[in-house]
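Subject: Structure handover

Hello,

Here is the structure I promised to pass on. Please open it alongside this email. My notes follow.

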Amino acid sequence: MVLVLNGVIQDERPINTHALFLEHPVYRETATQLLSIPTKTVGAPGLLYVCQREMAAVAPHDRNVNIIGSDDATTCIIVVVRHSGSGAIALAHLDGNGTDEAVSAMVARVQELAFGYPEGRIELQLIGGFSDPQGYAEDLFSNIMRKCDRRNRVLLQLLQLVQNH
């Protein structure tokens, strides 16, 4: 897996959010900035709202969707997977049920929507997952990162297999 955080290639994925914020304090600052933005009500035309335990993906040239979003992620995490070259995006509101399947489906769908765009990379953004006494959000963060790591290792192994033959 090639993991780049704040422009620096990482040897290993962060094991938890504490380690992430310790190594990259800019993410804590960015989270604080995000929380300071006032909420905005968005009208129905052009909005694709993703509820908890749902996932959706769109291409940038979709005539029906201008905004894709979700809200109320407390111990849940909103996951955004984006292809930087095509602008294809997938968003899921995960609560721990079906995390592995959702992350796999998101990456696969974004790759499908990005077909024909040779340039670009898969970007991952996580929003939500506030600290809770039971550690639900921390477990969810770890599961998402672990699944992304596993999926990318498989992709890299397949790519190496194809290159070797």
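Is isoleucine 127 buried, exposed or partly exposed? Isoleucine 127 is partly exposed, because its relative accessible area is 30% and the partly exposed class lies between under 20% for buried and over 50% for exposed. This residue sits in strand β8. Together with Leu34 and Ile37, Ile127 forms a nonpolar patch on the surface. The accessible area of the three comes to about 260 Å².

Please keep in mind that this is a predicted model.

Overall picture

The protein has 165 residues, and 33% of them count as buried. Its secondary structure comes to four helices and eight strands. Read from the N terminus, the order of elements is β-β-α-α-β-β-β-β-β-α-β-α. The accessible surface is about 10,900 Å². Carbon and sulfur atoms account for 53% of that surface. Take the contacts between residues at least 6 apart in sequence: 62% of these join residues at least 24 apart.

The sheet

Four strands make up an open sheet, in the order β4-β7-β6-β8, with antiparallel pairing. Why does one side of β4 and of β8 lack a neighbour in the sheet? Strands β4 (55–58) and β8 (122–128) stand at the edges and have a single partner strand each, so one side of each stays free of a sheet neighbour. On average, neighbouring strands in this sheet are turned by 15 degrees against each other, direction ignored.

Now the pairs. Strand β6 covers residues 77–83 and is joined to β8 by seven bridges. These two strands run antiparallel. Arginine 82 has glutamate 123, in β8, as its bridge partner. At the other edge, β4 and β7 are joined by four bridges and also run antiparallel. Here methionine 55 has alanine 92, in β7, as its bridge partner.

β4 has two faces. Ala56 and Val58 are on the covered face. Met55 and Ala57 are on the uncovered one.

A helix lies across this sheet. Helix α3 (residues 99–113) crosses β4, β6, β7 (89–94) and β8. Its direction is at about 170 degrees to β7.

Two buried residues

Isoleucine 68 belongs to strand β5 (residues 67–69). With a relative accessible area of 17%, isoleucine 68 is buried, because the cut-off for buried is under 20%. Which residues does isoleucine 68 contact, leaving aside its neighbours within four places in sequence? They are Leu48, Val50, Ala56, Ile89 and Leu91. Ala56 is also on the covered face of β4. Tyrosine 49 is 19 residues from isoleucine 68 in sequence, and their C-alpha atoms are 6.0 Å apart.

Leucine 140 is in helix α4 (residues 136–164). Its relative accessibility is 4%, so leucine 140 counts as buried. Neighbours within four places in sequence aside, leucine 140 is in contact with Thr75, Cys76, Ile77, Leu94, Asp95, Gly96 and Thr99. Leucine 140 and threonine 75 are 65 residues apart in sequence, with 8.4 Å between their C-alpha atoms.

Best wishes

Key. Residues numbered from 1 in each chain as written. Predicted model: local features only at pLDDT ≥ 70, side-chain atom pairs only at ≥ 80, totals over all residues. Heavy atoms only, no water. Pairing = 2+ DSSP bridges. Axes fitted to C-alpha atoms, helices over the stretch in contact; angles between N-to-C directions. Contact = heavy atoms within 4.5 Å. Patch = residues over 30% accessible without salt bridge, like charges linked within 9 Å, V, L, I, M, F, W, Y side chains within 5 Å. Areas by Shrake-Rupley, 256 points an atom, 1.4 Å probe, with all protein chains shown as cover. Salt bridge = Lys/Arg side-chain N within 4 Å of Asp/Glu carboxyl O. Buried < 20%, exposed > 50% of the residue type's maximum accessible area, 1.4 Å probe, protein only.
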